[in-house]
Amino acid sequence: MKIQGKITEETVVVGVGAEEMWKVYGGLELGRLVSELLPHEIGTVQPIQGHGGVGTIVKLTFPPGTPGVGYLKEIFTKIDDEKRVKETETIEGGFKAMGFDLYRIRLEILENSADDQSTIIRSTIEYELDENLANFLPFVTIKPLQTMAETIGKYLCEKKKNNA
């Protein structure tokens, strides 16, 4: 029997509009900034194949001491510039190595109707695994995506201030 699940969390980033945030999230810039700003919390990202569009494959190497195989490879399966949605699926390592049949991340960059200089980042994780592997479920967490959203937001705000 299979277990399927979904976790969604919204992070509000103040001081950065949705269009500006999508310029980072929509392609390879996100991985570059994660490597630069969060190497000890999330890891380092290296493009393996492609230029940031659908079909691009990146490798995320986790920080030393992270349990498991130490890396994951994911493929960009959907990029919608109009709706500002990006989806990736793990194809090797990470949760795939733990036995998950599916581990998909969806990142949506939404305009905040209350303030055009703030953005809502809706992060969703969808997963599927055999019920015999249910002991791995506590490892599924949205926290790294929240940390990434908050850190990228702070970085873009600082960059904006320094260029003003």
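Strands here are DSSP runs of at least two residues (E), and helices are runs of at least four (H or I); both are numbered from the N terminus. The model shown is predicted.

**View 1. An open sheet of seven strands, paired antiparallel.** The strand order is β1-β7-β6-β5-β4-β3-β2. At the edges lie β1 (2-14) and β2 (44-49), each of which pairs on one side only. From one strand to the next, the twist averages 25 degrees. Helix α4 (residues 143-163) packs on this sheet. The α4 helix touches β1, β6 (102-111) and β7 (118-130). Its direction makes about 20 degrees with that of β1.

**View 2. Strands β2, β3 and β4, with bridges from β2 to β3 and from β3 to β4.** β2 runs antiparallel to strand β3 (residues 57-61), and five bridges join the two. One pair to find is T44 with its bridge partner T61 in β3. Between β3 and β4 there are also five bridges. This pairing, too, is antiparallel. Here I57 has I75 of β4 as its bridge partner. In a regular strand, side chains alternate between the two faces of the sheet.

**View 3. The hairpin of β4 and β5.** Strand β4 (residues 71-80) and strand β5 (residues 85-93) run antiparallel, joined by eight bridges. Among the paired residues, K73 stands opposite E92 in β5. L72 has G93 of β5 as its bridge partner. Four residues lie between the two strands of the hairpin.

**View 4. R84 in the loop between β4 and β5.** What is unusual about the backbone here? Most residues other than glycine have a negative phi. R84 is not a glycine, yet its phi is positive, about 55 degrees. The residue sits in the turn of the hairpin. Is R84 buried or exposed? Its relative accessibility is 14%, so R84 counts as buried. The cut-off for buried is under 20%.

**View 5. Strands β5 and β6, an antiparallel pair.** Five bridges link β5 with β6. E87 stands opposite R106 in β6. R106 appears again in the next view, where its side chain makes a polar contact with the side chain of E126.

**View 6. E126, a buried glutamate in strand β7.** Its relative accessible area is 16%, so E126 counts as buried. Which side chain does the E126 side chain meet in a polar contact? The partner is the side chain of R106, at 2.8 Å. Leaving aside neighbours within four places in sequence, E126 is in contact with G5, K6, L102, Y103, R104 and R106.

**View 7. Helices α1 and α2 packed against each other.** Helix α1 spans residues 18-25, and helix α2 spans residues 29-37. Their axes are 6 Å apart and meet at an angle of about 80 degrees. That angle makes α1 roughly perpendicular to α2. From α1, the contact uses K23, V24 and Y25. From α2, it uses E29, L30 and L33. By type, the contact residues are four nonpolar and two charged, with no polar ones.

Methods. Residues numbered from 1 in each chain as written. Predicted model: local features only at pLDDT ≥ 70, side-chain atom pairs only at ≥ 80, totals over all residues. Heavy atoms only, no water. Axes fitted to C-alpha atoms, helices over the stretch in contact; angles between N-to-C directions. Parallel < 35°, antiparallel > 145°, perpendicular 65-115°, else oblique. Contact = heavy atoms within 4.5 Å. Nonpolar A, V, L, I, M, F, W, Y, C, P; charged D, E, K, R; others polar. Pairing = 2+ DSSP bridges. Buried < 20%, exposed > 50% of the residue type's maximum accessible area, 1.4 Å probe, protein only. Polar contact = N/O pair within 3.5 Å; in protein donor to acceptor, adjacent residues only side chain to side chain.
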